[in-house]
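Biologist: Please give me a close look at one part, the open sheet. In what order do its strands stand?

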Protein chains: 2
Amino acid sequence: MTKPLKLGVAGLGTVGSGLLQLIETHGERLAAVLPRPLAVEAVSARTRGKDRGVCLDRMRWFDDPVALASDEGIDVFVELIGGEDGPAKASVEAALGAGKHVVTANKALLAKHGVALARLAEEHGVALNFEAAVAGGIPAIKTMREAFLPNNVARVYGILNGTCNYILTVMEEAGRSFEDVLREAQEKGYAEADPTFDVGGFDAGHKLALMTSLAFGTEVAADEIHVEGIESITQADIEAAGDLGYRIKLLGVAIETPSGIEARVNPTLVPKHSAIAEVSGVTNCVALEGDFTGPLLLVGPGAGGGPTAAAVASDIVDVARGIVLPPFITAAERLKPHRRAKIDEHCGAYYLRLSLRDEPGAMAGIAKCMGDEGVSLESVVQRREFKALPGSGKPTAPGAPATVIMVTHETTEDAIRKAVASIDRDEMVTERPQVIRIEKL
Amino acid sequence: MTKPLKLGVAGLGTVGSGLLQLIETHGERLAAVLPRPLAVEAVSARTRGKDRGVCLDRMRWFDDPVALASDEGIDVFVELIGGEDGPAKASVEAALGAGKHVVTANKALLAKHGVALARLAEEHGVALNFEAAVAGGIPAIKTMREAFLPNNVARVYGILNGTCNYILTVMEEAGRSFEDVLREAQEKGYAEADPTFDVGGFDAGHKLALMTSLAFGTEVAADEIHVEGIESITQADIEAAGDLGYRIKLLGVAIETPSGIEARVNPTLVPKHSAIAEVSGVTNCVALEGDFTGPLLLVGPGAGGGPTAAAVASDIVDVARGIVLPPFITAAERLKPHRRAKIDEHCGAYYLRLSLRDEPGAMAGIAKCMGDEGVSLESVVQRREFKALPGSGKPTAPGAPATVIMVTHETTEDAIRKAVASIDRDEMVTERPQVIRIEKL
């Protein structure tokens, strides 16, 4: 028997336990098709006694993941601890420094320190694989690093956060409010007690930062991503979007423009009759557009123990096959700085929802504000009320504000912002206008 | 500069020309991120003079692809000639025998000789890559060979023929007949003059044979695929399916059952609200279901010069990176024989469309035939007429046959066939009953 590939696994939560179960279940089959069998040599976690569904007796135990990372008995260090700094960072650095391959699912770590860690991996000629860090069970990283490499990427985008997609799906299907669905998601364990990281778009922003780097050969720059969450999306938006033939999704989108990289996470209107509109619940997707391939869409589970463990295992499989690629395709020292495009220069169509005062000339005033900024309208719908929502608190009495939905032709973010600012300033509306970008697919 | 990877390209049709254009366009960028630059050293095609959008002056010309295949000046032989035997087979064998890596887009060749060629490649320690042979620009092969490897595959399926999907899409959107849309597709060049290979499901069968082998570790057995085409699909089926919440797609589906591999290409009802239902026109998709990852769906262009050339280029990129894997994952000599499951044992729900004679007791007779075979019905809809179709020739006069649409609960193919046979035998219907499988997604 050939020498096994010895793994040290740090972090035995859902993903870590899932990985051990996967190797127990499929280790023999994998050994038959790989140059080397996989063997979990050692593990590290916070508590030792917990039942993880696998027997740890034949694995060495480390209390300290950093000690495990540089232990001479292992070939690959698998980091499943989490966190952008602390033991995750220290152990990954120790492993790479000791010439071990590293496989990690830690998007926060990579979004913050990805380039430095990639440089370290390249110096030591080892792998730094992170398939599980972006879109869970979807092979987004492998596809970008390998299959799609012959293309110049024109745009990369995706539904990158399962919590948000679940909330938007249930809001539409059950006609319920954001707050209500979020509360239920928290009870079911789909959303964190502090949901900001998910519903505010920051988690998707980390993933988009990694994909942007792979797509455009730039340094990872999570701070340069324009992030908007789904907190402001109301049932009125979902219904109006539906009537217009759209569905609302939280997308991460990156394109390269003459002024730099436009990378943003934002609620977006996508056409109902598109495959991406049918990506529902906690499912994620990643779309790539290439100059030769055209559009490619990958749809799959974005999180969960099984899918994430399988993604981690696929990274280990690559190492067992001797596949070691530069983590971000381009050598870390040659990645271009991330030059951020001004969001003001974003071009596209927009959806606007306004609560118009019930006053003569109000609509004419709105139209003038739009016209003054050169924004032309594709459609305008004014409605006194939307379907009654339990607890939505929408006034439906005569004299109450009217909801006006507008869809613009293609224009710039700058023009929309100025138009909306002047609408706001002139007090034509009773609440802050809702502005949502429409993504051309 | 490191030694380039020297390519010999045989076949300069749409894909071959596309590949040369891709390398001309992206060669420099690829050289910056690959261990070796790509260089087209020599080419072979039937006619020399034709304009292919790239300058061939610095490439050596071969009239004979077999001579090119074993020429000592090349490292990789790229076979884009086509055909299951003849020069394609001879040149691929020559290349592998001479220790050259082979990249091919030729599904017919692989469906017939894949295992023998894989054995030859493995003997010589070279790659036999065929990403472009299945679903064009979709990285189906790489995903199965690499990313999805940690999973046991429960089912693999897809929309594998763009011509059929285009025809079905236009039939639905424009309410036109199969014959009418086929004729137009032929005029536009989307369908061959003899369309049997596409619309009869055989092309999809070849692709499914390759995917089946990768999914279940079996020998490639194109002859063992159960193949049904889309010729019998009528506007009445498309409308009735739509009313029931389904869309009709030609799917290739493979699962492993206790009695063997059930692999079939057949028209299928898929739920309208699924991503696969929104895969329209010439777009293809490939779906994998794994025990750890769950469902993964890849959607992209199934054919065309650009996407296919990009898939070929991605195979070349792998060779440049030194990635050489067994073509069918498992070593060719250890692939299991393909044991075919009896289609009679297929379990699932069915859609039936019957033209019922306008006679008392006809419906009761139908219901009895179903009941006698233990088939229970989820829904029955009887309609005197469907939407009038120009030229559909459907009689709508009183006394004319009534269209009855039935959806069964889960049952076996055997039971359905027997029930339909007895309905037919008893002359309760005026034309052959339409039977379409419903795929659970």
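**The parallel sheet**

Modeller: In chain A, six strands form an open sheet with parallel pairing, in the order β3-β2-β1-β4-β5-β6. At its edges stand β3 (60-62) and β6 (128-129) of chain A, and each pairs on one side only. Residues are numbered from 1 along each chain as its sequence is written, chains are lettered from A and ligands numbered from 1 in the order in which they are written. This is a predicted model, in which local features need pLDDT of at least 70 and side-chain atom pairs count only at pLDDT 80 or more, while totals for chains, interfaces and linings use all residues.

Two terms come first. Helices (H or I, at least four residues) and strands (E, at least two) are DSSP runs, numbered from the N terminus. Two strands pair if DSSP finds at least two bridges between them.

Now take one edge. Strand β5 (residues 101-104) of chain A pairs with β6(A) in the parallel sense, over two bridges. There, A:Val103 has A:Asn129 of β6(A) as its bridge partner. Helix α3 (residues 86-97) of chain A packs on this sheet. α3(A) touches β1 (5-10), β4 (76-79), β5 and β6 of chain A. Its direction makes about 165 degrees with that of β4(A). α11(A) packs on the sheet too, touching β1, β2 (38-44), β4, β5 and β6 of chain A. The direction of α11(A) makes about 165 degrees with that of β5(A). Such axes are lines fitted to C-alpha atoms, for helices over the stretch in contact, and angles run from 0 to 180 degrees between N-to-C directions. Contact means that the C-beta atoms of two residues, placed from the backbone, lie within 7 Å.

Turn to chain B. An open sheet of six strands there has the order β3-β2-β1-β4-β5-β6, with parallel pairing. β3 (60-62) and β6 (128-129) of chain B each have a single partner strand, so one side of each lacks a neighbour in the sheet. Further in, β1 (residues 5-10) and β2 (residues 38-44) of chain B pair in the parallel sense over six bridges. B:Leu7 has its bridge partner in β2(B), namely B:Val40. Helix α3 (residues 86-97) of chain B lies across β1, β4 (76-79), β5 (101-104) and β6 of chain B, at about 165 degrees to β4(B). Helix α11 (residues 305-320) of chain B lies across β1, β2, β4, β5 and β6 of chain B, at about 165 degrees to β5(B).

Next, the place where the chains meet. In chain A, 43 residues are in contact with 43 residues of chain B. On the chain A side, α1 (14-33), α5 (140-147), β12 (294-301) and α11 (305-320) each give two or more residues. So α11(A) has two roles in this picture: it packs on the sheet, and it gives residues to the side that touches chain B. β12(A) pairs with strand β12 (residues 294-301) of chain B in the antiparallel sense, over three bridges. One bridge joins A:Leu297 to B:Val299 in β12(B).

Last, confidence. pLDDT is the predictor's confidence in each residue, from 0 to 100. Chain A averages 94, and 96% of its residues score at least 70. Residues 386-393 of chain A stay under 50. The complex gets an ipTM of 0.95 and a pTM of 0.95 from the predictor.
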